[in-house]
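Work through the exercises below with the sequence and the model open. Try each task before reading its solution.

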Amino acid sequence: MGNFSRQMALSSALLKRLQSRRGALNTVNSGAARSFTTTEGHRPTIIHKRSLDILHDPWFNKGTAFSMTERDRLDLRGLLPPNVMSPEQQIERFMADLKRLEKSARDGPSDPYSLAKWRILNRLHDRNETMYYKVLIDNIAEYAPIVYTPTVGLVCQKYSGLFRRPRGMYFSAQDRGEMMSMVYNWPAEQVDMIVVTDGSRILGLGDLGVQGIGIAIGKLDLYVAAAGINPQRCAFDLFVLVLPVMIDVGTNNEELLKDPLYLGLQEHRLDGEEYLEVIDEFMEAVFTRWPHVIVQFEDFQSKWAFNLLQRYRKEYRMFNDDVQGTAGVALAGLLGAVRAQGRPMIDFPKMKIVVAGAGSAGIGVLNAARKTMSRMLGDTEIAFESARSQFWVVDANGLITEAREKIDPDARSFARRVKEIERQGLREGASLAEVVRQVKPDVLLGLSAVGGLFSKEVLEALKESTSTRPAIFAMSNPTKNAECTPEEAFSIVGDHIIFGSGSPFSNIDLGNGNIGHCNQANNMFLFPGIGLGTLLSGSKIISDGMLQAAAECLAEYMTEEEVHKGIIYPSISRIRDITKEVAAAVITEAIEEDLVEGYREMDARELQKLNQDEIRTYIQNNMWNPDYTKLVYKKD
């Protein structure tokens with residue numbers, strides 16, 4: 001067992017889980033492995049259409065890859081060029097076209113190449129879904145930033161102009177009283193995963209109204225690419241297993257309210273009980289039709305994020321990625337920073353952490369880190385209170401203390417005591433630079449959505465940190481909202497720092513063969529595995545323990561050698577493997593908490609009997625791969 005595992009063993013609360021997970025990595029079956037049905041295998045697909053109807057349907061279209069046998073069977077002969085191409089040849093041709101067209105696809109000099117790439121990929125998605133996901137999976141490191149952050153932010157800002165064909169469903173304030181019937185307009189008897197937004201705070205871009213649907217679409221593309229959740233499966237009934245949803249309750253964005261081309265409701269946002277009535281009706285409708293669906297809440301403003309999470313999480317299979325996903329990824333980074341600093345993991349509760357930002361993401365991270373510290377200290381009320389003293393929270397009005405007249409209820413438990421901060425030479429509303437200078441933190445964590453917040457003054461102050469290797473996390477998205485760039489961090493604070501960010505940045509050449517590693521603290525490392533693990537376990541809820549297990553799994557994923565180099569998050573190119581490991585951790589925890597109810601042919605009793613290798617096999621067999629299947633026509 002490595003140093004990291006020995007250190008974690010110091011916390012008895014963590015030991016049980018980590019031993020179980022470490023066993024997953026080392027287990028060698030002495031007997032024959034249990035066999036499993038490959039759920040997402042190469043079974044024929046029954047369809048009810050022929051000829052041009054197939055070529056115009058992105059779910060079934062293979063383009064020039066249709067074999068001659070299929071062309072005869074499906075009345076396609078003569079409708080395609082005669083040369084049958086392999087999927088590899090199709091992708092090679094598409095990639096060549098993409099490289100050639102990405103420049104000419106720009107709408108003028110102000111249109112970045114990334115948005116041009118998104119347009120080209122979107123057109124492929126419109127005509128051939130299988131090939132689209134094949135391209136995305138095979139080139140995930142290059143195209144994840146296109147379909148997700150940071151480019152998805154640009155997409156959402158321009159979505160009314162980019163809209164070509166509908167994806168997902170739109171529920172609006174005008175649909176009150178009709179949602180239970182509306183949900184049956186979606187042509188699928190089964191949906192596994194919904195990502196829903198109300199567009200109120202897309203990334204760090206503010207209220208984008210109905211245009212926020214772009215973030216839900218992008219997230220679900222990653223569920224397919226990273227977790228292998230099948231976007232569509234057809235037998236005698238149609239299954240479209242992932243569904244992006246927009247709940248349009250209006251917008252407070254004055255530009256959109258005046259824009260004649262805006263696609264959403266041009267009225268101010270609902271609030272209070274009226275708002276809750278719309279969300280309640282939506283949740284009741286989707287869970288009535290699809291009782292086993294998982295709903296991920298995405299980019300709801302802080303005002304509602306925690307409220308809705310607490311309102312629904314004990315009744316429905318749901319989670320909030322901004323609160324819980326961001327918290328898990330950040331927690332994994334904090335644990336990785338402890339490792340990279342060469343300290344024993346039991347020192348995590350001693351880490352001094354300055355947090356810039358007290359919105360839903362910031363408070364979510366604070367709560368997760370505090371709970372972990374508390375568990376390491378014995379999981380008592382005294383331990384929980386002790387962990388509180390390790391955080392200094394700064395918002396737009398400065399350091400949050402108990403002297404502040406109006407404190408957000410979610411941030412109140414992290415307000416510093418007045419006498420305590422006076423001894424530190426601080427005061428209510430102290431600036432970020434003042435706090436960093438006086439506290440000399442081990443970690444500076446940014447979740448503010450304010451680009452450049454970590455100014456030269458702030459970074460200069462961090463040079464006085466008592467840590468031998470201070471960590472800087474500029475977590476806000478998209479790129480322009482990052483609190484600082486890696487160049488600024490390494491050049492001002494020094495080569496010895498650990499750097500993490502929410503958006504992707506290139507590594508920094510520090511000279512003399514040294515590299516400043518830019519770790520992307522991407523929610524993509526967790527939410528696909530959380531969703532997949534929940535789906536395959538059949539758990540009725542997504543518990544704190546399941547989320548904690550996911551974060552700890554990610555923290556463990558990097559080797560000691562990588563961590564000592566300052567690499568605390570993996571490459572996105574490994575996302576399928578990361579997702580499988582996270583899903584296994586989530587399933588294992590669900591089994592330990594007796595939450596599993598099984599999935600399809602695997603009932604709860606069978607699932608509880610699986611060892612760690614068999615859980616991995618079970619997951620692997622249920623991860624969809626974008627391969628063309630044989631199409632068989634059946635008359636309606």
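The model is predicted. According to an unreviewed UniProt entry, residues 323-591 carry the annotation "domain: Malic enzyme NAD-binding".

**Exercise 1. Describe the secondary structure content and the end-to-end distance of residues 323-591.**

Solution.
- Step 1: take the range from the UniProt annotation, residues 323-591.
- Step 2: assign secondary structure over that range. Helix accounts for 44% and strand for 12%.
- Step 3: take the C-alpha atoms at the two ends. They are 24 Å apart.

**Exercise 2. Locate the residues that UniProt marks as "active site", and decide how they sit in space.**

Solution.
- Step 1: read the record. The unreviewed entry places the feature at Y148 and K219.
- Step 2: compare sequence with space. The two span 72 residues of sequence, yet they cluster, with a largest C-alpha distance of 6.7 Å.
- Step 3: check the largest pocket. Its lining includes both Y148 and K219.
- Step 4: place each residue in the fold. Y148 is in the loop between α8 (140-147) and α9 (151-157). K219 belongs to helix α12, residues 213-227.

**Exercise 3. Are Y148 and K219 buried or exposed?**

Solution.
- Step 1: recall the cut-off. Buried means under 20% relative accessible area.
- Step 2: apply it to Y148. Its relative accessible area is 6%, so Y148 is buried.
- Step 3: apply it to K219. Its relative accessibility is 1%, so K219 is buried.

**Exercise 4. Find what surrounds Y148 and K219, leaving aside neighbours within four places in sequence.**

Solution.
- Step 1: list the partners of Y148. They are K219, L222, D321, N522, N523, M524 and F527.
- Step 2: list the partners of K219. They are Y148, V195, Q296, E298, D321, N523 and F527.
- Step 3: intersect the lists. D321, N523 and F527 appear in both.
- Step 4: look at the direct link. The side chains of K219 and Y148 are joined by a polar contact of 2.8 Å.

**Exercise 5. Characterise the setting of D57: which loop holds it, and which residues does it touch?**

Solution.
- Step 1: find the loop. D57 lies between α3 (52-55) and α4 (68-73).
- Step 2: test burial. The relative accessible area of D57 is 9%, under the 20% cut-off, so D57 is buried.
- Step 3: collect contacts, again without neighbours within four places in sequence. D57 is in contact with K49 and R127.
- Step 4: look for a polar pair. The side chains of D57 and K49 make a polar contact at 2.7 Å.

How values were computed
Residues numbered from 1 in each chain as written. Predicted model: local features only at pLDDT ≥ 70, side-chain atom pairs only at ≥ 80, totals over all residues. Heavy atoms only, no water. UniProt positions renumbered as here; feature names shortened; annotations may be inferred. Helix = DSSP H or I, 4+ residues; strand = E, 2+ residues; numbered from the N terminus. Buried < 20%, exposed > 50% of the residue type's maximum accessible area, 1.4 Å probe, protein only. Polar contact = N/O pair within 3.5 Å; in protein donor to acceptor, adjacent residues only side chain to side chain. Contact = heavy atoms within 4.5 Å. 1 Å grid on protein atoms, 1.4 Å probe; cavity = no way out; pocket = protein on both sides within 12 Å on 5 of 7 lines; lining within 4 Å.
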